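Q: Could you zoom in on one residue of this model for me, and tell me how open to the outside it is? After that, please walk me through other spots, so I can get a feel for the whole thing.

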Amino acid sequence: TPRTPLLQLQGICVSYGPVEAVHEVNLDVHEGEIVTVIGPNGAGKTTLLSAAMGLLPSKGSISWEGQHIARPSVETMVAHGIGLVPEKRELFGEMTIEDNLLLGGFSRWRRGQRDQAQRMQEVFDIFPRLGERRLQISSTLSGGERQMLAIGRALMARPRLLMLDEPSLGLAPLITREVLQVVASLRRHGVSVLLVEQNARAALQVADRAYVLEMGAVALSGDAQDLLNDRRIIDTYLGMG
Ligand code: ATP
């Protein structure tokens with residue numbers, strides 16, 4: 001029998017006024033999986049993530065561990081254990097790494113300060129570079145370090161599913177690979193991942209499964225390794241390299 005997915009999207013449609021940006025999308029993320037959504041500019045990737053996070057109203061069904069979520073809202077999705085790293089990263093630039101991380105764990109304050117410190121240490125274990133710079137002001141960090149901090153901040157809430165919107169944006173290829181490798185390693189810490197990426201090659205290299213979104217609909221999906229070798233993907237998304 002197939003396992004129940006952690007997150008299941010069924011027939012998701014999202015419209016901006018009269019314009020439908022996401023059309024009838026079905027997508028599963030199972031516990032321990034790294035799933036990526038790739039596709040060109042404007043394909044609807046960010047819109048799909050926003051709907052899954054309860055940030056945008058959608059048609060269709062969103063389920064968490066087999067339970068239909070009647071009214072998806074950010075609060076509900078966060079309570080279920082979903083974390084989001086938005087495309088703009090939205091760090092507090094004038095604050096230190098430590099303070100940005102503490103804000104990420106804010107909703108867990110009731111669990112006490114000791115828990116916060118422990119969680120911060122876990123984030124520093126995942127991103128040692130953040131630990132070395134814990135008192136550095138965030139706006140002075142490199143692009144890669146800022147992305148690590150944005151991910152670390154989302155991890156402070158102990159999500160079971162982390163959704164990332166284009167973490168490679170503005171990063172050099174080498175740094176992109178480094179960040180995505182850490183993202184893929186999160187499963188060892190019990191975190192499943194839904195990764196939206198325009199950098200198809202880098203995403204397919206770290207993911208287990210992938211969905212190709214074109215004009216709001218899933219054009220192709222499957223094993224990430226298979227898609228890396230798929231003619232259509234190579235010709236359209238992987239360029240000459
Ligand atoms: P990118 O990688 O460029 O961010 P994307 O795949 O994430 O692209 P979306 O940002 O989800 O795509 O956009 C999908 C479509 O919806 C686009 O045609 C876009 O212009 C449109 N769209 C996005 N946000 C809005 C909005 N707030 N109001 C109206 N249309 C929007």
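A: Arg114 is exposed, with a relative accessible area of 75%. Here's the scale for that: exposed means over 50% relative accessible area, buried means under 20%, and partly exposed is in between, using a 1.4 Å probe and protein chains only. Arg114 sits in helix α4, which runs over residues 113-126. Helices here are DSSP runs of H or I with at least four residues, strands are runs of E with at least two, and both are numbered from the N terminus. For a sense of distance, take Ser138: Arg114 is 24 residues from Ser138 in sequence, and their C-alpha atoms are 23 Å apart in space.

Before we move on, keep in mind that this is a predicted model, where local features need pLDDT of at least 70, side-chain atom pairs count only at pLDDT 80 or more, and totals for chains, interfaces and linings use all residues. Residues are numbered from 1 along each chain as its sequence is written, and side-chain values use heavy atoms, with hydrogens and water left out.

Now for a residue with the opposite label. Leu149, in helix α6 (residues 143-155), has 0% relative accessibility and counts as buried. What does Leu149 touch, leaving aside its neighbours within four places in sequence? Its contacts (heavy atoms within 4.5 Å) are Leu91, Ile97, Asn100, Leu101, Leu130, Ser138 and Leu141. You've met Ser138 already, as the residue 23 Å from Arg114, C-alpha to C-alpha.

Some of those names lead us to helix α3, residues 97-104, where Ile97, Glu98, Asn100, Leu101 and Gly104 are buried. These five cover an arc of only 165 degrees around the axis, which puts them on the same side of α3; the arc is that of the directions from the helix axis to the C-beta atoms. Gly104 also gives us a distance to check: Gly104 and Leu149 are 45 residues apart in sequence but 10 Å apart in space, C-alpha to C-alpha.

Helix α1 (residues 45-52) is mostly covered, with seven of its eight residues buried. Lys45, Thr47, Leu48, Leu49, Ser50, Ala51 and Ala52 are the buried ones. After α1 comes Gly54, and its phi is positive, near 80 degrees.

That brings up backbone angles. Most residues other than glycine have a negative phi. Glu24 has a positive one, near 50 degrees, without being a glycine. Glu24 belongs to strand β2 (residues 19-29), and at 47% relative accessibility it counts as partly exposed. Glu166 isn't a glycine either, and its phi is positive at about 45 degrees. You'll find Glu166 in the loop between β7 (161-165) and α7 (173-185), and with a relative accessible area of 6% it is buried.

Two more buried residues are worth a look. Ser61, in strand β4 (residues 59-64), counts as buried at 15% relative accessibility. Skipping residues up to four places away in sequence, Ser61 touches Gln8, Leu9, Gln10, Ile12 and His68. Compare that with Ile234, which is 173 residues from Ser61 in sequence and 32 Å away in space, C-alpha to C-alpha. Then there's Ala207, in the loop between α8 (200-206) and β9 (209-214), buried at 9% relative accessibility. Ala207 is in contact with Ile34, Thr36 and Ala224, again leaving aside neighbours within four places in sequence. The C-alpha atoms of Ala207 and Val193 are 8.9 Å apart, with their positions 14 residues apart along the chain.

Finally, let's step back. The protein has 10 helices and 10 strands, and 50% of its 241 residues count as buried. Of the contacts between residues at least 6 apart in sequence, 67% join residues at least 24 apart. The C-alpha trace spans about 45 × 45 × 40 Å along its principal axes. A compact globule with 241 residues would have a radius of gyration near 18 Å, and the protein has 18 Å, which agrees; the radius is taken over C-alpha atoms, and the globule rule is 2.2 Å times the number of residues to the power 0.38. On the outside, the protein exposes about 11,700 Å², with carbon and sulfur atoms supplying 51% of it (areas come from the Shrake-Rupley method with a 1.4 Å probe; for residues, only the protein chains shown count as cover).
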